[in-house]
Amino acid sequence: MNEVKKIRDPGLMKDLSKRLASLRLTRPVTLMEVCGTHTMAIHRAGLPSLLPPELRLLSGPGCPVCVTPASYLDTAIAMARRYDAVLATFGDMMRVPGSSGSLAGLRSEGYSVEIVYSPLSAIEMARSMPGAEVVFLAVGFETTAPVVASSVLYAREHGVENFSILSAHKLVMPALELLISDRLLAVDGFMLPGHVSAVLGSEPYRDIAERYHHACVITGFETADIIQGILMLADQIERDDMTVAIQYSRVVKPEGNKQARAVIDRVFEVTDSDWRGFGMIPSSGLALRDEFRDFDAALRFPVEIEAGHEPDGCRCGEILKGHCAPPECPLFARVCRPESPVGPCMVSGEGTCAAFFKYSKRQGAYGSD
């Protein structure tokens with residue numbers, strides 16, 4: 001039986017569900033799942049209904065689309081309008097609202113906005129359109145950065161000069177440190193992102209456990225993975241023995257992926273970055289190094305934009321910081337719904353509001369479409 005079959009074994013699931021439902025804690029405990037894929041998996045499996053009353057789960061800022069600020073979209077839209085650049089983007093970004101509209105709206109005006117599944121597809125697009133300038137919207141965490149860095153190296157090596165990227169890459173650790181210092185949260189432990197950790201390994205989180213005394217478990221994305229992760233976190237907290245444990249050991253190694261980190265370091269350097277809901281976080285983003293600046297769309301196609309603003313009434317920023325849950329937003333499931341999203345958390349396939357709406361709706365909440 002391979003590792004995936006083992007984790008999906010019905011007998012294991014039954015045992016873990018029983019253990020989660022019977023879990024008793026000696027004090028109230030708050031855990032945060034950092035990754036948007038975890039958020040979706042938790043709600044898809046209906047795990048909140050199995051949690052003991054002493055245990056609260058919060059969703060964090062782990063959706064890359066959600067934390068990308070409106071100003072980034074405003075910049076991309078302005079580039080397309082001023083320079084007639086072709087924008088290549090992951091599909092999740094299409095309907096995310098900026099201050100001056102969305103990429104979907106831009107395309108409806110006749111501008112070229114193409115959905116791609118990798119930056120290499122954007123390079124192929126650039127090759128097939130030698131008279132056009134193709135700008136790839138590089139959004140994501142440490143998981144996405146290696147392939148974007150590789151695409152820049154590939155474009156350089158193969159002389160693809162009409163390709164560039166607009167980087168909004170984020171780094172997880174600075175955001176976690178900001179959350180730890182947030183007195184409104186009082187988080188006891190983190191369910192750490194499996195995909196990002198496959199690149200980082202476990203070592204970068206050591207300070208969170210040893211210095212800040214928070215439980216840490218790197219967790220996979222199957223339902224059984226997540227239940228195991230919750231049980232492991234609860235065990236650390238009950239024993240008051242905080243450490244960094246790897247539940248997702250079939251993918252994540254303590255040393256991470258050195259090759260992936262090397263290609264990131266080769267192409268990018270750390271810079272301050274603006275996060276939707278958080279504002280500017282020092283040393284939390286990636287910018288192209290000087291030797292690759294000819295692939296930097298922000299330099300190749302300079303634009304001036306007005307200061308971005310969030311939609312009136314939207315609480316996505318507070319939801320991303322764990323300060324409130326989607327039903328506490330006055331727009332949620334009223335004017336902000338999947339078919340008419342107001343904020344990014346309702347748009348993205350990893351967004352907290354989308355998860356709450358989709359899987360609570362299955363249980364009869366929020367009416368029908």
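Trainee: How large is the relative accessible area of R250?

Mentor: Let's start gently, keeping in mind that this is a predicted model. To count as partly exposed, a residue must fall between the cut-offs of 20% and 50%. R250 is in that class, because its relative accessible area is 25%.

Trainee: And which class does D225 belong to, buried or exposed?

Mentor: The cut-off to remember is under 20% relative accessible area for buried. D225 has a relative accessible area of 0%, so this residue counts as buried.

Trainee: How far apart are N and O where the side chains of R250 and D225 meet?

Mentor: Side chains of opposite charge can pair when their charged atoms come close. For a salt bridge, the nitrogen and the carboxyl oxygen have to be within 4 Å. R250 and D225 pass that test and form a salt bridge, with an N to O distance of 2.6 Å.

Trainee: How many residues apart are R250 and D225?

Mentor: Find each partner along the chain. D225 sits in helix α12, while R250 is in the loop between β9 (244-246) and α13 (258-267). The pair therefore links distant parts of the chain, and R266 and E291 will give us another such example. For R250 and D225, the separation is 25 residues.

Trainee: Which residue forms a salt bridge with E291?

Mentor: Look for the partner whose closest N and O atoms are 3.1 Å from those of E291. E291 counts as partly exposed at 43% relative accessibility, and its partner is also partly exposed, at 40%. That partner is R266.

Trainee: In which helix does R266 lie?

Mentor: E291 is in the loop between β11 (279-288) and α14 (297-300). R266 is 25 residues away in sequence, so the salt bridge ties these parts together. The helix that holds R266 is α13.

Trainee: What is the relative accessibility of R337?

Mentor: R337 shares a salt bridge with E339, at 2.9 Å from N to O. E339 is partly exposed, with a relative accessible area of 47%. R337 is buried, because its relative accessibility is 12%.

Trainee: Which residues do salt bridges that share partners join into one network?

Mentor: The whole structure holds 18 salt bridges. Some of them share partners, and these build one network. Its members are E203, R206 and E210.

Trainee: Which helix gives the largest share of the largest nonpolar core?

Mentor: Nonpolar side chains tend to be buried together in soluble globular proteins. Here the largest nonpolar core has 96 residues, and L87, L103, L176, F190 and Y205 touch the most other members. Eight residues, the largest share of this core, come from helix α12.

Trainee: How many residues are in the second, separate core?

Mentor: This core is apart from the one we just visited. Among its members are A88, I165, V199 and I264. The count for this second core is 30 residues.

Trainee: What is the phi of A186?

Mentor: Most residues other than glycine have a negative phi. A186, in the loop between α9 (172-180) and β7 (189-193), has a positive phi although this residue is not a glycine. The value is near 50°.

Trainee: Which backbone nitrogen does the side chain of S348 reach?

Mentor: S348 is in the loop between α16 (344-347) and α17 (352-361). This serine is buried, because its relative accessibility is 1%. Its side chain comes to 3.0 Å from the backbone nitrogen of E350.

Methods. Residues are numbered from 1 along each chain as its sequence is written. This is a predicted model: local features need pLDDT of at least 70, side-chain atom pairs count only at pLDDT 80 or more; totals for chains, interfaces and linings use all residues. Side-chain values use heavy atoms; hydrogens and water are left out. A nonpolar core is a set of buried Ala, Val, Leu, Ile, Met, Phe, Trp, Tyr and Cys residues joined through side-chain atoms within 4.5 Å. Buried means under 20% relative accessible area, exposed over 50%, partly exposed in between (1.4 Å probe, protein chains only). Helices (H or I, at least four residues) and strands (E, at least two) are DSSP runs, numbered from the N terminus. A polar contact is a pair of N or O atoms within 3.5 Å; within protein, one must be able to donate a hydrogen and the other to accept it, and residues adjacent in sequence count only if both atoms are side-chain atoms.
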